[in-house]
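User: I would like to go through this model and ask, for each term applied to it, what justifies the term. Please set the values against the definitions as you go.

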Protein chains: 2
Amino acid sequence: MLTLYDFPTSGNCYKVRLLFAHLGIPFRRVHRDILKGETRAAEHLAINPAGKVPVVETETGARYVESGAILWHFARGTRLLPGTVEDETRTLQWLLFEQSALAIPLGRPRYFIKILGKGGEFKDDIAKLMPLGQQALARIESHLAEGNPYFVGRRFSIADIALFAYAHLAPDGGYDLAPYPAVRDWIERVRAEPGHIAIDER
Amino acid sequence: MLTLYDFPTSGNCYKVRLLFAHLGIPFRRVHRDILKGETRAAEHLAINPAGKVPVVETETGARYVESGAILWHFARGTRLLPGTVEDETRTLQWLLFEQSALAIPLGRPRYFIKILGKGGEFKDDIAKLMPLGQQALARIESHLAEGNPYFVGRRFSIADIALFAYAHLAPDGGYDLAPYPAVRDWIERVRAEPGHIAIDER
């Protein structure tokens, strides 16, 4: 069975649980509390020298890191990773966009406000991130508003799983989704996919 | 012929030129000056709604964005994208690590200091980024110091091209590479690859 080294409130870890739920892949969870420094402890650094979660470990000891690469690896050959060259490249574009432009500006304010409970202390950092987060939301809004129900190939895929994680959690970081109606509709479409689980659901 | 929408001092644009040099792929360059706001002008937003470079456009009008996805797309089927499932996943891990943890902390200080010439004005931002950049350098150092000459499969690939761009430019952002001897050796190995071009070389 696969092992997921997991911090349950992390959007990046949630992506992996959501993929496994959709594909019916069984796994066990090992809890790593980021707030207690467990991802920076020697025991975890031996598993991932980058000191991060998620990490997925196979029974033979192979380990996979970077949420987008984990999605790609375990979705290969399934309905969740479109198989044409063109769709593969489009999927990769969205996975990279999510990590370069969306996860940090949408995820960090949530981390400061909701997870650390220190929104006031980090208000300058949050103020700097908000315009970047709004740009990221506007970018995904413009794609969806062009009549695309999903991000690649008109069907639900790992591109949606990757983008959904921090996009649907954005309000926890103080973002208002009212100006992004196509994003709100897409969030409901993702939630309605058979096999969907919420971030706080096993 | 391919068209590259290009800002010559951008590390992300350099990755694409370096790939095309290695593969002998001809292309024409269209200059977009980030400092003059050209990537945020209507003419460019029509090409890439994210308002960024690089963008590669084919003769049939298909457009590719996100430097890592461009590397993947054009390296597919060549010696620069290892073909096994395992090596593909490892390549993707490094492409995502580069965008999530390396490009911004190594690239932004260089942008403030060398490109804008405003290191003093942005010194607080730079000070916040430096520990993250040092972590990213330590991560690639630890991989290389384990006896890996390159990042995937013991040979030069797009993972090296992606990581090389901002890693070799880190000193322009005030980073000292002395504590990272394996990174320094690898930089020299990448420079010695047949077909290599420098960032300011066509």
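Analyst: In this predicted model, 100% of the interface residues of chain B are also interface residues in chain A, so the copies meet through the same surface.

User: What makes residues of chain B count as being in contact with chain A, and how many are there?

Analyst: The criterion is that the C-beta atoms of two residues, placed from the backbone, lie within 7 Å; by that criterion, 21 residues of chain B are in contact with 21 residues of chain A. On the side of chain B that touches chain A, two or more residues each come from strand 4 (63–65), helix 3 (67–75), helix 4 (85–115) and helix 5 (123–145) of chain B, with the largest share, 9 residues, supplied by helix 4 of chain B. By residue class, this side of chain B divides into 11 nonpolar, 7 polar and 3 charged residues.

User: Why is the relation between chain B and chain A called a two-fold axis?

Analyst: Chain B is superposed on chain A by a rotation of 180° with 0.0 Å of shift along its axis, at an RMSD of 0.0 Å, and that is the relation of a two-fold axis. Of the residues of chain B, Ser100(B) comes closest to this rotation axis, its C-alpha being at 2.7 Å.

User: How do you know that strand 1 and strand 2 of chain B pair?

Analyst: Pairing requires at least two bridges between the strands, and strand 1 (residues 2–6) and strand 2 (residues 27–31) of chain B are joined over 5 bridges, in the parallel sense; the requirement is therefore met. Within this pair, Tyr5(B) stands opposite Val30(B) of strand 2 of chain B.

User: What is the path of the chain from strand 1 to strand 2 of chain B, and is the crossover right-handed or left-handed?

Analyst: From strand 1 of chain B the chain passes through helix 1 (residues 11–23) of chain B to strand 2 of chain B, which makes a β-α-β crossover, and this crossover is right-handed. The term right-handed applies because, with the strands pointing away from the viewer, the path from the first strand over the helix to the second runs clockwise.

User: Which domains is chain A divided into, and what do they share as a boundary?

Analyst: Chain A is divided into domain 1 (2–75) and domain 2 (85–191), whose C-alpha centres lie 21 Å apart. Between them, 11 residues of domain 1 of chain A are in contact with 12 residues of domain 2 of chain A. On the domain 1 side, helix 1 of chain A gives the most, with 6 residues, and the residues of that side divide into 6 nonpolar, 4 polar and 1 charged.

Key. Residues are numbered from 1 along each chain as its sequence is written. Chains are lettered from A and ligands numbered from 1 in the order in which they are written. This is a predicted model: local features need pLDDT of at least 70, side-chain atom pairs count only at pLDDT 80 or more; totals for chains, interfaces and linings use all residues. Helices (H or I, at least four residues) and strands (E, at least two) are DSSP runs, numbered from the N terminus. Domain bounds come from an automatic or database domain assignment. Ala, Val, Leu, Ile, Met, Phe, Trp, Tyr, Cys and Pro count as nonpolar, Asp, Glu, Lys and Arg as charged, and the others, Gly among them, as polar. Copies are superposed by least squares on the C-alpha atoms of residues with pLDDT of at least 70 in both.
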